[in-house]
Amino acid sequence: MQSIYFDNAATTKIRKAVIEAITNVMESHYGNPSSSHSFGRASKGLIEKARKTISNQLNVSASEIIFTSGGTEADNLILNSAVIDLGVKHIITSKIEHHAVLHAVEKLEKDYKISVSYVNLDDYGNVDYLHLETLLQSEEKTLVSLMHINNEIGNTLDIKQVSHLCQAHNALFHTDAVQSVGHYNLDLKDTKIDFLAAAAHKFHGPKGVGFAFIRKNSGLKPILVGGEQERGLRAGTESVQNIIGLETAFILAYDNLIEETKYIQSLKRYFIDTIKKEIPNVKFNGNSAFADKSTYTLVNVCLPIPPKKAAMLLFQLDLKGIACSKGSACQSGSSQKSHVLSEILSDHDLEKPSIRFSFSIFNTKQEIDYVVEVLKGHI
């Protein structure tokens, strides 16, 4: 049986060089980075080198990179402290954000009575920038939280335009960049984002580690309190091996960015062309079929399959050795429909199966041929 992994938006295969780097740290650099002896200083040195690697690539100060357990913690740190410590009274977001943002915002609305506005979206899930500008007219201290790349339909946000709008209206700007860090060049000096979240396992690094970019002198305070690790913004002994795994994956991602982007783009184009040819009535959700409006790593398709057949489709694909998903992995155990697709699809299309296929450098066109052939057999 084939074994095909097309769920790279959920998590990616760790590169061998990353595993080797992690193993080396676990064997040779086991000192607590907060200890003052040579073992501790060696571990601390590795962390600071990793911080510098990331900050150089993003064109920011090393002190503005705070290591976390991943994107969810980074989002929660930023959103919670913005309300509790910075006095944000109004959050503007969208209804197709990752639940790490949506649920955090809902809790803040309930607990702190802040006002929450949801920017309008078109039928493809694109942000209405004119409506965003209208929402920014608020006199309350405002934070805009919009993801750079949607994890389900792949839509890309014009972060430079949002940044300009936020600056013009004296609002803070936070972006969940979990699907873009390691896949796109980001210059945070050129694009004035105040806060950003990233996760290593989305670019062939380890799970359980990520970082927050927190612009200098923002006034943010920790939500995890204890020691003074991470500039006092995130207490707890740092996971040195995971941080070095993140750094190694980060370096490899950007050293090979041009070549690997071209390869994955070719896979996405081939998938779209092949499935359109073999399943003519297929639809593409969001902007995922448009190269200039979506990420090169994923496609979300709505298949012309009756509801009775649709219920077991993912299970049937799994039996054929194909890993893909209905949407965010964080919702995979839920019986509810995707909150993203529910915002943009008609009731008729919501009854059909929509599946996200996401690609990496470890995939091939031969795998695509097999997957499309299997899908064709279920039409």
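This is a guided tour of two sheets and the helices that pack around them, in a model that is predicted.

**The seven-stranded sheet**

Begin by selecting the strands of the open sheet of 7 strands, which follow the order β2-β8-β7-β6-β5-β3-β4 and show mixed pairing. At its edges you will find β2, at residues 65–68, and β4, at residues 115–118, each of which pairs on one side only. As you move across the sheet, the twist averages 20° from one strand to the next.

Next, select β2 by itself and colour its residues by the side on which they lie. In a regular strand the side chains alternate between the two faces of the sheet. In β2, Ile 65 and Phe 67 lie on one side while Ile 66 and Thr 68 lie on the other, and all of these are buried, so that both faces of the strand are covered. Add β8, residues 210–214, and you will see that β2 and β8 pair in the antiparallel sense over 4 bridges; for one of the residues of β2, Ile 66, the bridge partner in β8 is Ala 212.

Then go to the other edge and select strand β3, residues 90–93, together with β4: these two run parallel and are joined by 4 bridges. Within this pair, Ile 91 stands opposite Val 116 of β4.

**Helices on this sheet**

With the sheet still displayed, add helix α3, residues 71–84, which lies across β2, β3, β5, β6, β7 and β8 and runs at about 160° to β7. Now bring in helix α4, residues 99–112, whose axis comes within 9 Å of that of α3, the two crossing at roughly 25°. How are these two helices oriented with respect to each other? That angle makes α3 roughly parallel to α4, and their crossing is right-handed.

To look into the contact, show the side chains of Thr 72, Asp 75, Asn 76, Leu 79, Asn 80, Val 83 and Ile 84 in α3, which meet Ala 100, Val 101, Ala 104, Val 105, Leu 108 and Tyr 112 in α4. Coloured by type, the residues of this contact divide into 9 nonpolar, 3 polar and 1 charged.

**A second pair of helices**

Select helix α2, residues 38–58, and helix α7, residues 240–255, which pack at an angle of about 30° with their axes 9 Å apart. That makes α2 roughly parallel to α7, and the crossing of α2 and α7 is left-handed. On the α2 side the contact is made by Ser 43, Leu 46, Ile 47, Lys 49, Ala 50, Thr 53, Ile 54 and Gln 57, and on the α7 side by Val 240, Ile 243, Ile 244, Leu 246, Glu 247, Phe 250, Ile 251 and Tyr 254. By type, the residues of the contact of α2 with α7 divide into 11 nonpolar, 3 polar and 2 charged.

**The three-stranded sheet**

Finally, move to the open sheet formed by 3 strands in the order β9-β10-β12, where the pairing is antiparallel. The edge strands here are β9, residues 283–284, and β12, residues 354–358, each pairing on one side only. Select β9 with strand β10, residues 298–302, and you will find the two joined by 2 bridges, with Cys 302 in β10 as the bridge partner of Lys 283. The last element to add is helix α8, residues 257–278, which lies across β9, β10 and β12 and runs at about 15° to β10.

Terms used: Residues numbered from 1 in each chain as written. Predicted model: local features only at pLDDT ≥ 70, side-chain atom pairs only at ≥ 80, totals over all residues. Heavy atoms only, no water. Axes fitted to C-alpha atoms, helices over the stretch in contact; angles between N-to-C directions. Parallel < 35°, antiparallel > 145°, perpendicular 65-115°, else oblique. Left-handed = near helix turned anticlockwise from the far one by under 90°. Contact = heavy atoms within 4.5 Å. Nonpolar A, V, L, I, M, F, W, Y, C, P; charged D, E, K, R; others polar. Pairing = 2+ DSSP bridges. Buried < 20%, exposed > 50% of the residue type's maximum accessible area, 1.4 Å probe, protein only.
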